[in-house]
Amino acid sequence: METIHLENSRGRPKAPNPEQVELKFSDQAVQELEALLTHYPDKKSAILPTLWIAQREYGGYLPPEAIAEVAVRLQRSYAEIEGVATFYTMYHVGHPVGRHLIEVCTCLTCQVCGAYRIAERLKAKLGIDFGETTEDGVFTLEEVECLDACDRAPVLQVSDAYIGPVDEAEIDALIEKLRSDPGSGTIRLADEIVKAQLHANEQRDIR
Amino acid sequence: MASLAQEPGLVTITIDGTELQVPKGELVVESVKRLGREIPIFCYHPRMKPVGMCRMCLVEVGMKQPDGTVRMMPKPQAGCTLPASDNLVVITDSESVIADRRGVLEFLLINHPLDCPICDRGGECPLQNNTLFYGPSTTRYVEVKRHLPKAFPLSRHVTLDLERCIQCGRCVRFTEEISGDAQLAFLFRGAAMTPRTFELTDLDSKFSGNVIEICPVGALTSSDYRFRARPWDLETRPSTCLECANGCSVWFDHRGGKMVRINGRVNDAVNEEWTCDKGKFGHGYLNAPDRPAKPLIRKEDVLAAADWSTAYQQIVAHFEDGRTAVAGLVGAKVSNEDLFQFKRMFHRHFHSPNLDHRWTRILPSQTEGVRGLHGIDEVHTRIAEWESVNAALVVGNDLASDQPMVYLRLRKAWQRHGAKVVVISERPTYADHFASAVIRCEEGKLFEAVARLSAAVLQNREGADALRAALKPFAPDAKDRAAAEALKGEFFTVCSESVYAKPDGGKTVSALANLAVGTDNAQRFNLYPVGANDMGAALLGVHPGGQGMNTREILEGCIQGRIKSLWLLECDPFALWHDHQQVQDALENVEFLVVQTSAPNQAMQYASVVLPCCAHVEADGTYTNIERRVQKIEAIWRPKGDAKPSWKLFTELMLRMNPSRPIFEPSELMEMIIAEDESFAPAAYHNLEGNGACLPLGVDAGAQLFMEIYQ
Ligand code: SF4
Ligand code: FES
Ligand code: FES
């Protein structure tokens, strides 16, 4: 759980004035947002997909500026957007995640099939614990509950792909393969989710 | 049991074996109150939508079948989200309900720190009370409780103790539903769920203080009140807030001669139960250590304590029969009785018409105001009526600052039935977020903006040809035309006298009145005052009338030496008048300056005589709010030191100048006011119990247009 630091109340920073929030969405993102808004009766309903756009635009995670931009674009309050973003675990709020997000399922089936051995192996190899990111910013390791792929237990979710069943011997090769991948899996995942929200004709028009 | 005859709109339900009729759809938690019973609650609040978050209100529910048997639902239901429908059977006191309540409280207390002995809420805490009455005496949970920051300042006023939060969402819903700034939201989830501001920025809502009161535990506490007292140590007295002209009902809590906190008091006609932060946190001056307690008289450059009779002597010497060489200026927090007596003293004994209570740049004379130019009253709409308006035009400064309660009602109108609101302002305002159109104009261009909108509104209407012709030079743009859509039918206008502080304020007001008159909406026009008793001062004639000098002329008069003696009653010109240099010159120049004040102010440096006077909680008196509701405030404390109620002071002075029958009670003054001005008749003291009494509004003399402003 995040700890909050006590500060002098008089020094509490002010929330940014909506008119001064810097809007950084690319042209493509703006078009996507406009298309998405037509799917819903009001702007509030578009918060989740817009957060995905923001997560892609801001490099795989949601810094405060991203939350603010979503709030301004959807005319909702900052706090409301932050509340939604922190509710769902697939949005990464506040701190950057690595280019590749490795999520280890340690729920029942995977556990029985050796998920903890896999997890230990990953931790040793990357030198990080669950919830941490390697210093070079390439990998983030997370522990997750059932990924709904018990038939492939033990299973990993690596950004936008499920890998499983895995065994310890494959871990080294997997890490090397990911390390040599210059793209960012987390951004790719966000992009795919945004695309999945758009109708085929909208996708065509925006491309 | 024989069924009751059915009335339309009512349904028959049974609560704990008693059959009763309630409006269809009424929430069971409310219906139960009709029987004098109670369901324990946390998250439910009668003025907000129910959410069913805490489960404290579980009841057993069933349906009466045609054969007379009752089919119970297998699981308990939340009474706060359950609407009454025909044949509903509710049981609030069965074994299983009692067990449910115990269970819910045991759950809610899993992580609650139980630090009641050091909690501000202890003694008035719904969680404490419900646990005492409905909860288990001990718990089965032995796990370590979650630990979180104990005193996190969300703002200057509100301190959050996260460990105590029971996640009921009242605070979050208040900012979303009532104040509308949505500055609080729940972040994270599960046990980590916390009500917070975005990125822990300042909770600078204009209504933030209310969340302290509605939090059912000690999670949101007042930074000022923290650890100052236990509720049972406090003396709680009803009073009225004087920080603005809305006159909200409040509870005034004091202890050992010090104000410790202000809480909202239910008054459905004015503030429902809310307060704004100005009022809730703005009474600190009452505790100032250096409030004048004795008359002070200047002797060789220093103010020295003196007795009343010397002070009176000097005042009489300088003011009696001073005619046009003496003048009086008045602040906003002066009661009707004080104002009336002050005016009488000036008119009868000083023979001076030079009185004013206004401090804005523009000081319209009798013939220039709304009444003079347009023949309509300044005020037509009562505060509670704002929640049922369908369309409104809001002009000038932020409505939430000038008229907080009108703002809350108007927002409610938008939320409940989609009232259309058009805002014209120079700066962002609170009402922007629900306005159907916002016209943001440059500084100093308010008048043009109103004129352009007027032209657009008239394009949609028949009649008012003269006005339409006069508005020719103001061509509306697309934005104005879009805004005018919202004002097609009847609409209410609201503006505050603070607009007179702007250079084009007079023209703006006139243009608004023209628009209202030209569209047959004169009955819905409002120009509300801003200072606590500005309305009273205006009604009682504490202004120059036809012959006297207004505030500006008085200050100029002091500089030029035409005014020899000046009396400042509960006002600090340095804080109120826009031109500091002018104030300084005036006060330096005037020969004799009386500063009568309840709190130390800058003008005292220049005073010849300082008279201590009572603050509103130290003397009985009545005050007139924006909707001409006269409310009585009763003395809560003894006056500080030798201070006396102003009316008494004036009476004593008048007796010195002209021995006659003295006045002993402020109620006698009210009788005199009524004798002089019929319209005050409803405000006789015996009528003022409870929420006070309203004087007539909307006394129109025959609406007129005034076109010269457009030239
Ligand atoms: S802080 Fe108080 S009002 Fe807000 S959710 Fe927690 S318990 Fe409820
Ligand atoms: S337990 Fe791992 S996918 Fe279901
Ligand atoms: S009061 Fe009904 S669920 Fe909270």
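Below, two people talk through a predicted model with chains A and B.

Colleague: Let's start where the chains meet. What is the area buried between chain B and chain A?

Modeller: On the residue count, 30 residues of chain B are in contact with 27 residues of chain A. Carbon and sulfur atoms give 64% of the buried area. The area itself comes to about 2500 Å².

Colleague: Which three residues supply more of the area that chain B buries against chain A than any other three?

Modeller: The area to divide up is the part that chain B buries against chain A. Three residues supply 27% of that part, and they are F188(B), R189(B) and F198(B).

Colleague: And the polar side of it: which residues meet in the salt bridge with 3.7 Å from N to O?

Modeller: Across the interface there are 8 residue pairs in polar contact, and the count of salt bridges between chain B and chain A is 2. The one at 3.7 Å, N to O, falls within the 4 Å limit for a salt bridge. Its side chains belong to K14(A) and D204(B).

Colleague: Which element gives the largest share of the side of chain B that touches chain A?

Modeller: Two strands of chain B, β7 (152-153) and β9 (185-187), each supply at least two residues of that side. By type, the residues there divide into 18 nonpolar, 4 polar and 8 charged. The largest share, 3 residues, comes from β9(B).

Colleague: Moving inside, which helix gives the largest share of the largest nonpolar core?

Modeller: That core has 73 residues, and W386(B), Y407(B) and L410(B) touch the most other members. The largest share of the core, 6 residues, comes from one helix of chain B, spanning residues 404-417: α11.

Colleague: What is L410(B) in contact with, leaving aside its neighbours within four places in sequence?

Modeller: L410(B) is one of the three core residues that touch the most other members. Beyond its sequence neighbours, its contacts are W386(B), V389(B), A392(B), V394(B), L399(B), V421(B) and F434(B).

Colleague: How many residues are in the other core, the one that includes A306(B) and F340(B)?

Modeller: That core lies apart from the 73-residue one. F346(B) and L653(B) are also among its members. Its count is 46 residues.

Colleague: Is T367(B) buried or exposed?

Modeller: T367(B) sits in the loop between β18 (355-356) and α9 (370-374) of chain B. Leaving aside neighbours within four places, T367(B) is in contact with G372(B) and L373(B). Its relative accessible area is 58%, and since the cut-off is over 50%, T367(B) counts as exposed.

Colleague: Now the backbone. Which residues does the cis peptide bond with omega about -10° join?

Modeller: The proline of this bond lies in the loop between β3 (139-144) and β4 (156-158) of chain A. There is also a cis bond from G164(A) to P165(A), but omega there is near -5°. The bond at about -10° joins A153(A) and P154(A).

Colleague: E272(B) has a positive phi, near 55°. Is E272(B) buried or exposed?

Modeller: E272(B) is in the loop between β14 (258-264) and α6 (277-281) of chain B. E272(B) is also linked in a network of salt bridges with R47(B), D268(B), E273(B), E387(B), R409(B) and K412(B). Its relative accessibility is 5%, and because the limit is under 20%, E272(B) counts as buried.

Colleague: How many residues apart in sequence are the parts that K64(B) and E19(B) tie together?

Modeller: K64(B) and E19(B) form a salt bridge, with the closest N and O atoms 3.0 Å apart. K64(B) lies in strand β3 (residues 58-64) and E19(B) in strand β2 (residues 18-23) of chain B, so the parts tied together are apart in sequence by 45 residues.

Colleague: K333(B) forms a salt bridge too. Which residue is its partner?

Modeller: K333(B) lies in the loop between β17 (326-330) and α8 (336-350) of chain B, and the partner in the loop between β12 (235-240) and β13 (249-255), so the pair ties together parts 90 residues apart in sequence. At 29% relative accessible area, K333(B) is partly exposed. The closest N and O atoms are 3.2 Å apart, and the partner is E243(B).

Notes: Residues are numbered from 1 along each chain as its sequence is written. Chains are lettered from A and ligands numbered from 1 in the order in which they are written. This is a predicted model: local features need pLDDT of at least 70, side-chain atom pairs count only at pLDDT 80 or more; totals for chains, interfaces and linings use all residues. Side-chain values use heavy atoms; hydrogens and water are left out. Contact means heavy atoms within 4.5 Å. Buried area is the accessible area (1.4 Å probe) that two parts lose on being put together, summed over both. A polar contact is a pair of N or O atoms within 3.5 Å; within protein, one must be able to donate a hydrogen and the other to accept it, and residues adjacent in sequence count only if both atoms are side-chain atoms. Helices (H or I, at least four residues) and strands (E, at least two) are DSSP runs, numbered from the N terminus. Ala, Val, Leu, Ile, Met, Phe, Trp, Tyr, Cys and Pro count as nonpolar, Asp, Glu, Lys and Arg as charged, and the others, Gly among them, as polar. A nonpolar core is a set of buried Ala, Val, Leu, Ile, Met, Phe, Trp, Tyr and Cys residues joined through side-chain atoms within 4.5 Å. Buried means under 20% relative accessible area, exposed over 50%, partly exposed in between (1.4 Å probe, protein chains only).
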